[in-house]
Amino acid sequence: MNGTNMRVIVIGAGLAGLTAAVELLAAGVDVTVLEAQERVGGRMHGVPLSEGVVADGGAAYLGVRHTELLRLIREHGLELVSTAMTGASTFLLSGERTTSASRVPPLDAVALGDLFDRLEELVDWVRPDEPWSSSLAAQRDWLPAARWVADEISHPDAQTFFPLFLGEMMAADPASISLLHMAFYLRSGGGIRYLNAFEGGAQQWRIGGGAHLLCQALADRLGDRVQLARPVCEIDQTTGEVVVWCSPAHRDGGNGARPRYRADRVVVAVPPLLAQRIEYRPALGSPRATPATGRGCAVKVQLGYPAPIWREHGLSGWSVSSTGPLLSTVDDSPPDGSAGVLTGFVTGAAASGFSALSVTEQEEAALAHIGRLFPQLPPPSHCTVTDWLTARYSRGCYAALFGPGDWLRLGPTLTTPHGRVHWAGTETSVEFFGLMEGAIRSGRRVAAELIYGTESAAVLAGNNLAGGTNVSTSFVEKG
């Protein structure tokens, strides 16, 4: 279709939707972005901690292999901040606090080595382009990751470490994801070594001032084409055009008229659980999510201090705990040291229980844990909690979790258009699934589909990915 004659509605002003909209606008497409929230960014969210200090409540980290993300950062004049840390790591395992110059927990090294050898075998086994077509996919997609580790890994130290590792990598409870999804996620992100590294890995940098600034910069290019507080509830393509209906605006108390938009094509760029809740006419032939599809189990806790004072005690701020709520912490302070920011991660099974607490109870639990980890520190001046499990228009973070059987049921139609409805979002990308890089690549893919046609878009994507950057190395942006 000729871009200059095409009207496209993009649903979702996260990184995928905004990328698609900017690419479409550049091709002369008449584009409108509908966002349910009162802000852009989706799972990229800046959390003010104090005067001039904003922390990443959502996606944050990136590495050298995230080439499309780096291109956009440069294009919009944003800065990269190194995540390099100096000082000792802190571990709180089985109630015992220790410190070490290493980031490796003080657990049995042989047992952990065996665990990682077994994980590497799974990563090498899975097909990165079509995980559902991997050999033994039928068995391994129905097998929960927790069952695999219980059957295959006997050492208690390895069993202790496994859920901490998956929480760090995927914000996942091993009981709720399939073995195939675990293997694919690690392969898609670039492999365990890259995913587990700061320097030279996928956590090498963060964006100065917060990752949300990139989404804001993209939205600024679109101007009033981005419309906020527009939660989409229905997409009707039973006539010669597509009609998109929104729920009444929040600001009207839900009692106003339902906004309606008309277009030639629609891009749905929201997480699968949200895409599944939209009413489609005609109905979807293949689901976007199933009862087994889960929310990414992540809550981020940011603690503010007048300076990164843990460094004065020879500590890096990095920690790992075997029990919650804060299963890990990291130093996210501004590079000039003008403030101290510790970010804590509540992930996996621990996140569900933590999310059920009141805000006051969450803060009290987080502060008590920090007191056990870093008893030499004074109480923080600020404590903020970003609970992605209860986020109405995100339904979890880092990304949706594919449960047993999901890849077999969802994978083959992940990017297949439903008539004039097309799909984007990091969960539709087999390159860097769940990451900011995957979101951008999905947005570029869907824009190419609309501008050039599906077959041409596939060729362009293949040319852009020459060299296999999608399967060599990368760590999930936490949050």
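Here are some friendly notes on a predicted model, meant to be read with the structure open beside you.

1. **A sheet of three strands.** Let's start with the open sheet whose strands come in the order 5-9-6, with antiparallel pairing. Strand 5 (61–62) and strand 6 (80–82) are its edge strands, as each of them pairs on one side only. If you look at where strand 5 meets strand 9 (residues 205–207), you will find two bridges joining these antiparallel strands. Leucine 62 has tryptophan 205 of strand 9 as its bridge partner. As a reminder, strands of a sheet pair through backbone hydrogen bonds, and they can do so in a parallel or an antiparallel way.

2. **Strand 7 and its two partners.** Next, find strand 7 (residues 88–93), where six of the six residues are buried. Ala88, Thr90 and Leu92 are buried on one side, while Ser89, Phe91 and Leu93 are buried on the other, so both faces of the strand are covered. Strand 7 pairs in the parallel sense with strand 17 (residues 315–321), over four bridges. With strand 8 (residues 96–100), strand 7 pairs in the antiparallel sense, over five bridges. Phenylalanine 91 is a good residue to click on: it stands opposite valine 320 in strand 17, and its bridge partner in strand 8 is threonine 98.

3. **The turn of the hairpin.** Strand 7 and strand 8 form a hairpin with two residues between the strands. Have a look at serine 94 in this hairpin, which takes a positive phi near 55°.

4. **A salt bridge between two helices.** How many salt bridges does the structure hold? There are 22. In one of them, the side chains of glutamate 68 and arginine 444 meet at 2.5 Å, N to O. Glutamate 68 belongs to helix 2 (residues 67–75) and arginine 444 to helix 14 (residues 436–452), so this pair ties together parts that are 376 residues apart in sequence. Glutamate 68 counts as buried, because its relative accessibility is 14% and the cut-off for buried is under 20%. Arginine 444, with a relative accessible area of 25%, is partly exposed.

5. **A salt bridge within one helix.** Helix 2 also has a salt bridge between the side chains of arginine 71 and glutamate 75 (3.1 Å, N to O). These two residues are four apart in helix 2, which means that about one helical turn separates them. Arginine 71 is partly exposed at 27%, and glutamate 75 is partly exposed at 42%. Now step back: Glu23, Glu68, Arg71, Glu75, Arg221 and Arg444 are linked in a network of salt bridges.

6. **A salt bridge between two strands.** Arginine 281 and glutamate 234 meet through their side chains in a salt bridge (2.9 Å, N to O). Because arginine 281 lies in strand 15 (residues 279–281) and glutamate 234 in strand 11 (residues 232–236), the pair ties together parts that are 47 residues apart in sequence. Is each partner buried or exposed? Arginine 281 is partly exposed at 36% relative accessibility, whereas glutamate 234 is buried at 9%.

7. **Two helices side by side.** Finally, helix 5 (residues 145–152) packs with helix 6 (residues 156–170) at an angle of about 155°, and their axes are 11 Å apart. The two helices are therefore roughly antiparallel to each other. Their contact is made by Ala145, Trp148, Val149 and Ala150 from helix 5, together with Gln159, Phe162 and Leu166 from helix 6. The crossing of helix 5 and helix 6 is right-handed.

Technical notes. Residues are numbered from 1 along each chain as its sequence is written. This is a predicted model: local features need pLDDT of at least 70, side-chain atom pairs count only at pLDDT 80 or more; totals for chains, interfaces and linings use all residues. Side-chain values use heavy atoms; hydrogens and water are left out. Two strands pair if DSSP finds at least two bridges between them. A salt bridge is a side-chain nitrogen of Lys or Arg within 4 Å of a carboxyl oxygen of Asp or Glu. Buried means under 20% relative accessible area, exposed over 50%, partly exposed in between (1.4 Å probe, protein chains only). Axes are lines fitted to C-alpha atoms, for helices over the stretch in contact, and angles run from 0 to 180 degrees between N-to-C directions. Angles under 35 degrees count as roughly parallel, over 145 as roughly antiparallel, 65 to 115 as roughly perpendicular and the rest as oblique. A crossing is left-handed if the near helix is turned anticlockwise from the far one by less than a right angle, and right-handed if clockwise. Contact means heavy atoms within 4.5 Å.
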